[in-house]
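User: I am new to this structure and would be grateful for a close look at a single part of it. Please set that part in the context of the whole chain.

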Amino acid sequence: EMSKQTIIFRITQDGIVEEQVEGVTGDVCQKLTEEIENALGDITRRIHKPEYYNKQTDVALQHNQNQN
C-alpha cells in the first residue's frame, strides 16, 4: 500500500517559495519535486528532514551485506 505523498508550498510575502514534502523517505522527495523546482528557478537552500536519511529497507539490507 502506498503512503500518502504530499507536497506543501508556502509563499512568503517577499516572494520566496518554500516547499515541504511529506510521506516519502530517502531521495524520493527530490525526484518528486525536480520538475517543479526547475520551473521555479534557483534553489537558495535545501534542508533535509530526518526522513531523507531513512532509506528503503531493502537498500539498508543490501548496504549491510556489502560491508561483510
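In which loop is Thr 44 found?

Analyst: Thr 44 is found in the loop between α1 and α2, the latter helix spanning residues 57-67. The model under discussion is a predicted one, and the description below starts with the chain as a whole before it returns to this loop.

The protein chain contains two helices and two strands. Read from the N terminus, these elements follow the order β-β-α-α. Strand β1 covers residues 6-11, strand β2 covers 17-22 and helix α1 covers 28-40. Of the 68 residues in the chain, 12% count as buried. The accessible surface amounts to about 6,100 Å², and carbon and sulfur atoms hold 48% of that area. Among the contacts in the chain with a separation of 6 or more, 33% join residues that are 24 or more positions apart.

Thr 44 itself has a relative accessibility of 77%; because this value is over 50%, the residue counts as exposed. In sequence, Thr 44 is 28 residues away from Ile 16, while their C-alpha atoms are 9.5 Å apart in space.

Arg 46 is found in the loop between α1 and α2 as well. With a relative accessible area of 38%, Arg 46 is partly exposed, whereas Thr 44 is exposed. Once residues up to four places away in sequence are set aside, Arg 46 touches Gln 30 and Glu 37. Arg 46 can also be compared in position with Glu 18: the two are 28 residues apart in sequence, and 9.7 Å separates them from C-alpha to C-alpha.

Both Arg 46 and Glu 18 reappear in the description of the largest pocket, which has a volume of about 870 Å³. This pocket is lined by 29 residues, and those closest to its centre are Glu 18, Glu 19, Arg 45, Arg 46 and Ile 47. Three elements, β1, β2 and α1, each supply at least two residues of the lining. Sorted by class, the lining consists of eleven nonpolar, nine polar and nine charged residues.

Glu 19 leads from the pocket to helix α1, since it is one of the residues in contact with Thr 33. Thr 33 lies in helix α1 and is buried, with a relative accessible area of 1%. Neighbours within four places in sequence aside, the contacts of Thr 33 are Ile 7, Glu 19 and Val 21.

Val 21, in turn, has its place in strand β2. Its relative accessibility is 15%, so Val 21 counts as buried. If residues up to four places away are not counted, Val 21 touches Thr 6, Ile 7, Cys 29, Leu 32, Thr 33 and Lys 49. The contact with Lys 49 joins residues 28 positions apart along the chain, and the separation of their C-alpha atoms is 9.1 Å.

A further feature concerns two tyrosines. The structure holds one aromatic pair. It is formed by Tyr 52 and Tyr 53, whose ring centres are 5.1 Å apart and whose planes stand at 85°, so the pair is edge-to-face. The two partners differ in exposure: Tyr 52 is buried, with a relative accessible area of 19%, whereas Tyr 53 is exposed at 54%.

To return to the loop between α1 and α2, Thr 44 is exposed there, while Arg 46 is partly exposed and is among the residues closest to the centre of the largest pocket.

Terms used. Residues numbered from 1 in each chain as written. Predicted model: local features only at pLDDT ≥ 70, side-chain atom pairs only at ≥ 80, totals over all residues. Heavy atoms only, no water. 1 Å grid on protein atoms, 1.4 Å probe; cavity = no way out; pocket = protein on both sides within 12 Å on 5 of 7 lines; lining within 4 Å. Points joined across faces, edges and corners; volume = space filled by probe spheres on them. Helix = DSSP H or I, 4+ residues; strand = E, 2+ residues; numbered from the N terminus. Nonpolar A, V, L, I, M, F, W, Y, C, P; charged D, E, K, R; others polar. Buried < 20%, exposed > 50% of the residue type's maximum accessible area, 1.4 Å probe, protein only. Contact = heavy atoms within 4.5 Å. Areas by Shrake-Rupley, 256 points an atom, 1.4 Å probe, with all protein chains shown as cover. Phe/Tyr/Trp six-rings, centres within 6.5 Å; stacked < 30°, edge-to-face > 60°.
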